[in-house]
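Work through the exercises below with the sequence and the model side by side, and try each task before you read its solution.

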Amino acid sequence: MLENDKIVENIKATMAIEGFYLQDKDISLINQYLNNEITASEGVDIIKKDMMSKMENRDV
């Protein structure tokens with residue numbers, strides 16, 4: 001198993017312990033960060049925009 005795959009599996013396990021489960025888009029975002037395709041700040045901005053969009057549409 002590749003190092004990035006191990007990291008993703010550890011994140012998934014940690015989240016599951018807390019009762020949260022990652023969706024495919026979450027895993028994709030993590031992989032973009034791990035592959036240096038986005039910065040941490042860009043990742044946070046993506047998450048914020050997604051949450052704001054859901055709040056505006058009352059999907060939260």
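**Exercise 1.** Does Glu42 count as buried, partly exposed or exposed, and what is its relative accessibility?

Solution. This is a predicted model, in which local features need pLDDT of at least 70, side-chain atom pairs count only at pLDDT 80 or more, and totals for chains, interfaces and linings use all residues. Residues are numbered from 1 along each chain as its sequence is written, and side-chain values use heavy atoms, with hydrogens and water left out. Buried means under 20% relative accessible area, exposed over 50%, and partly exposed in between, with a 1.4 Å probe and protein chains only. At 41% relative accessibility, Glu42 counts as partly exposed. Next, locate the residue: Glu42 is found in helix H3, where helices are DSSP runs (H or I, at least four residues) numbered from the N terminus. Finally, compare sequence with space: Glu42 and Asp5 are 37 residues apart in sequence, and their C-alpha atoms are 21 Å apart.

**Exercise 2.** Where is Asn36 found, and what is the sign of its phi?

Solution. Begin with the position, since Asn36 is found in the loop between H2 and H3. Then turn to the backbone: Asn36 has a positive phi of about 60 degrees, although it is not a glycine. For comparison, most residues other than glycine have a negative phi. As a last step, check accessibility: Asn36 is exposed, with a relative accessible area of 70%.

How values were computed:
Helices (H or I, at least four residues) and strands (E, at least two) are DSSP runs, numbered from the N terminus.
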